[in-house]
Amino acid sequence: GGLILGDATARAEAELAFARLDAGLPVRGEVAHLGGFALLAAESARQGGLRLPDGLILRLRSGLGDLSLGDKSHGDRTGLAAFIAGIDGRRAGGLDPLLNAFVGRPPAVDGNGRIDPLGWFFITLAMRDAGGPRWLAWSGRLQTALAQAFTLDGGNSHASGAHVPGAKVVWGDLDPKAGDVFATSLSLLNLQAAYRYLPLAR
């Protein structure tokens, strides 16, 4: 908000938040989501000219780089690992087999009728950055899975807007008050990946 609005107070608050983040946010594999979003925020802040603690981006990248590309037990963590590997330029060896494995496990509604936009997000970014047939296959299935989760707010009227109910999303029921916001925002971030983010390396 500070970058977009040019608001000095918002910029100062953002810079203070990065200082607090640098003072102890864990960014290793066990909390990969936090570290992943922290890295995206820090990279955006750097490009926008916000003041960041010295070495913060390097620490975020190195901490996340410890994620194992071979661990396929958590799709969200391995997706983030693939994304980091792409940033670091490691596109051969461990990265291609991992992306191929994701093609074999495309986005879909699970047995409980839920989608997993948080788990898919960094996979989506890694696939988008790699491009090619794998990205097209992933993106098509992603759009289908996410579109089915939206509920029209005005009954059958698109004019009233739409949202994704928290009950339809993995982790969306942890906070009843924020579940719909969590579900809708993560779904939109996935859908925007094709248009909002430039590939980081080629």
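Me: Why does R59 count as partly exposed?
Reply: Partly exposed is the band between buried (under 20% relative accessible area) and exposed (over 50%), judged with a 1.4 Å probe and protein chains only. R59 has 40% relative accessibility, so this residue counts as partly exposed.

Me: What kind of model are we looking at?
Reply: This is a predicted model, in which local features need pLDDT of at least 70 and side-chain atom pairs count only at pLDDT 80 or more, while totals for chains, interfaces and linings use all residues. Residues are numbered from 1 along each chain as its sequence is written, and side-chain values use heavy atoms, with hydrogens and water left out.

Me: Where is R59 found?
Reply: Look in helix α4. Helices here are DSSP runs of H or I with at least four residues, strands are runs of E with at least two, and both are numbered from the N terminus. The C-alpha atom of R59 lies 8.9 Å from that of D22, although 37 residues separate them along the chain.

Me: How many helices and strands does the protein have?
Reply: There are 9 helices and 2 strands. Following the sequence, you meet them in the pattern α-α-α-α-α-α-α-α-β-β-α.

Me: What makes A19 partly exposed?
Reply: A19 has a relative accessible area of 38%, so it belongs in the partly exposed class. This residue sits in helix α2. Its C-alpha atom is 9.3 Å from that of R51, and the two are 32 residues apart along the chain.

Me: Why is F37 called partly exposed?
Reply: The relative accessible area of F37 is 28%, and therefore it is partly exposed. F37 is a residue of helix α3. Contact means heavy atoms within 4.5 Å, and beyond its neighbours within four places in sequence, F37 is in contact with L118, F121, F122, L186 and L189. One of these partners, F122, is 85 residues away in sequence, yet the C-alpha atoms of F37 and F122 are 9.3 Å apart in space.

Me: What share of the contacts in the protein joins residues 24 or more positions apart?
Reply: Taking contacts with a separation of 6 or more, 60% of them are between residues 24 or more positions apart.

Me: What makes α7 roughly parallel to α9?
Reply: Axes are lines fitted to C-alpha atoms, for helices over the stretch in contact, with angles from 0 to 180 degrees between N-to-C directions. The axes of α7 and α9 cross at roughly 10° and come within 9 Å. Angles under 35 degrees count as roughly parallel, over 145 as roughly antiparallel, 65 to 115 as roughly perpendicular, and the rest as oblique. That is why α7 is described as roughly parallel to α9. Among the residues making the contact are W120 and F121 of α7 and L186 and L189 of α9. By class, the residues of this contact are 11 nonpolar, 3 polar and 1 charged. Ala, Val, Leu, Ile, Met, Phe, Trp, Tyr, Cys and Pro count as nonpolar, Asp, Glu, Lys and Arg as charged, and the others, Gly among them, as polar.

Me: Which residues of α6 and α7 meet?
Reply: L99, F102 and V103 of α6 meet I123, A126, M127 and A130 of α7. In that contact 7 residues are nonpolar, with no polar and no charged ones. The two axes come within 11 Å and cross at roughly 115°.

Me: Which residues have the most contacts inside the largest nonpolar core?
Reply: They are F83, F102 and W138, in a core of 40 residues. A nonpolar core is a set of buried Ala, Val, Leu, Ile, Met, Phe, Trp, Tyr and Cys residues joined through side-chain atoms within 4.5 Å. Helix α7 gives this core its largest share, 7 residues. Leaving out residues up to four places away in sequence, W138 touches F102, W120, I123 and M127, among others. Across the protein, 37% of the 202 residues are buried.

Me: What makes W171 partly exposed?
Reply: W171 has a relative accessible area of 49%, so it is partly exposed. You will find W171 in the loop between β2 and α9. Its phi is near 75°, a positive value in a residue other than glycine. Most residues other than glycine have a negative phi.
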